[in-house]
Number of protein chains: 2
Amino acid sequence: MLKHKHNHDECIESALEAAQKICEERETRFTPLRRRVLELVWSKHQPITAYEVLDLLSEGQKRVAPPTVYRALDFLIEEGFVHRIESLNAFVGCSDPAHKHQGHFMICTKCSNVTEMNEKSLHDVIKKAAKENGYTYENSILEIAGVCENCRN
Amino acid sequence: MLKHKHNHDECIESALEAAQKICEERETRFTPLRRRVLELVWSKHQPITAYEVLDLLSEGQKRVAPPTVYRALDFLIEEGFVHRIESLNAFVGCSDPAHKHQGHFMICTKCSNVTEMNEKSLHDVIKKAAKENGYTYENSILEIAGVCENCRN
DNA sequence: TGATGGGTTGATATTTTATAACAATCAGGG
DNA sequence: CCCTGATTGTTATAAAATATCAACCCATCA
């Protein structure tokens, strides 16, 4: 699940390429700004806040304003390239952008690393719970806090 | 699951009494302010924001400052009398304050009503998922958005 | 060609949500 | 009564997000 010491540049690059390709298919616009914001979100393997993205984006140029970042993030979330972690007010790159989905996450309370769980069984259980409570399912957020394998050792 | 047209005053009253009793047992201080804030949280069956509580609390007296409300809410959450809904930045009274637990919620996207799910099976599945991903479980938030039975009709 | 219109980005201001820091007050034990 | 720690009051500020309108880009089409 965790890939240690992977080549992170490669990992970013492939996320950007995937996004590019998906946007071409969907005929949505993967503009330079949106591309850059996605790159910055991926620049950490931890969740990143909108204002951290803003600071990075502003380096070496006139400071950009919050809406610039939020609008780009909205687009990326809409397309499913980025997930928002509600409990942290922060954002992470999606590990499986090809299939639009709600993210379910494990968050390490020591190192802040996030693991996205794309497990159908979990998703099914949640949908079932909704149904049993009389609700028509729309979407869900699941954020589990705990200590990851790495940090326990 | 939904109780329509229940006597809401009664419902508030019993929440307050339960809290009172639990605080006595735990020897924590259920002060007038904390009691009043809990009462206000329960005054809606929908999630209420901190600043809505603040406004209600300020009625007919000198306006209170945000920390007053946030501190009271922190206490109530700590004691398990109130849950925070992350996806709404809002708060709801806990339906089962006797047992400290993490809240799992259904949120109606039409009427904003919230249903707390205290289902052990769901909780177990979530814990299991954490374990399978190599995490030591600490706590979790689950917030399912959908349309409730009432609003579908 | 250049007018038009939708989508995107820029810019300014403001709102909403939450916390830091320190002073005043209160409640209970010695 | 005085001390101590917890609680509440007060002022200021930080952090997160959005509203609004102007400028720009660019594809289309009259």
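Start by selecting Arg84(A) and DNA strand D: a phosphate oxygen of the strand sits 2.6 Å from an N or O atom in the side chain of Arg84(A). That is a polar contact (a pair of N or O atoms within 3.5 Å; within protein, one must be able to donate a hydrogen and the other to accept it, and residues adjacent in sequence count only if both atoms are side-chain atoms).

Before you click on, some housekeeping. This is a predicted model, where local features need pLDDT of at least 70 and side-chain atom pairs count only at pLDDT 80 or more, while totals for chains, interfaces and linings use all residues. Residues are numbered from 1 along each chain as its sequence is written, chains are lettered from A and ligands numbered from 1 in the order in which they are written, and side-chain values use heavy atoms, with hydrogens and water left out.

**Stop 1: DNA strand D**

Stay with the phosphates and add Thr31(B): an N or O atom of its side chain is 2.5 Å from a phosphate oxygen of DNA strand D. Now pick Arg34(B), where the distance from a side-chain N or O atom to a phosphate oxygen of the strand is 3.2 Å. Which elements give two or more residues to the surface near DNA strand D? They are helix H4 (66–79) of chain A, plus helix H2 (32–42) and helix H4 (66–79) of chain B. (Helices are DSSP runs of H or I with at least four residues, strands are runs of E with at least two, and both are numbered from the N terminus.) H4(A) gives the most, with 4 residues.

Next, show everything around DNA strand D. There are 16 residues, and Tyr51(A), Tyr70(A), Arg84(A), Thr31(B) and Arg71(B) come nearest. Of the strand's atoms that come within 4 Å of the protein, sugar and phosphate account for 49%. "Near" here means that one of a residue's heavy atoms lies within 4 Å of the strand. Color that surface by class and you get 7 nonpolar, 3 polar and 6 charged residues. In this scheme Ala, Val, Leu, Ile, Met, Phe, Trp, Tyr, Cys and Pro are nonpolar, Asp, Glu, Lys and Arg are charged, and the others, Gly among them, are polar.

**Stop 2: DNA strand C**

Swing over to DNA strand C, which has 17 residues around it; Thr31(A), Arg71(A), Tyr51(B), Tyr70(B) and Arg84(B) are the closest. Zoom in on the bases here. One base nitrogen contact goes to Arg71(A), with 2.6 Å to an N or O atom of its side chain. Tyr51(B) also has a side-chain N or O atom 2.6 Å from a base nitrogen of the strand. For a phosphate, choose Arg84(B): a polar side-chain atom lies 2.7 Å from a phosphate oxygen of DNA strand C. Which element gives the largest share of the surface near this strand? H4(B) does, with 4 residues.

**Stop 3: where the chains meet**

Hide the DNA and look between the proteins. Chain B and chain A each put 36 residues into the contact, meaning heavy atoms within 4.5 Å. The area buried between them is about 2900 Å², and carbon and sulfur atoms give 57% of it. Buried area is the accessible area (1.4 Å probe) that two parts lose on being put together, summed over both. Highlight Asn133(B), Tyr135(B) and Ile141(B): they supply 23% of what chain B buries against chain A, more than any other three residues.

**Stop 4: inside chain B**

Select helix H3 (residues 50–58) of chain B. Its buried residues are Ala50(B), Val53(B), Leu54(B), Leu57(B) and Ser58(B). They cover an arc of only 130 degrees around the axis, so they sit on the same side of H3(B); the arc is that of the directions from the helix axis to the C-beta atoms. Buried means under 20% relative accessible area, exposed over 50%, and partly exposed in between (1.4 Å probe, protein chains only). H2, H4 and strand E2 (90–93) of chain B are among what covers these buried residues.

Then click Glu79(B), in helix H4 of chain B. Buried or exposed? Glu79(B) counts as buried, at 6% relative accessibility. Leaving aside neighbours within four places in sequence, Glu79(B) is in contact with Arg26(B), Thr28(B) and Lys100(B).

**Last stop: two backbone oddities**

Most residues other than glycine have a negative phi. Glu27(B) is not a glycine, yet its phi is positive, about 55 degrees. Find Glu27(B) in the loop between helix H1 (8–26) and H2 of chain B; at 72% relative accessibility, Glu27(B) is exposed. Ser112(B) has a positive phi too, of about 70 degrees, and is partly exposed at 37%.
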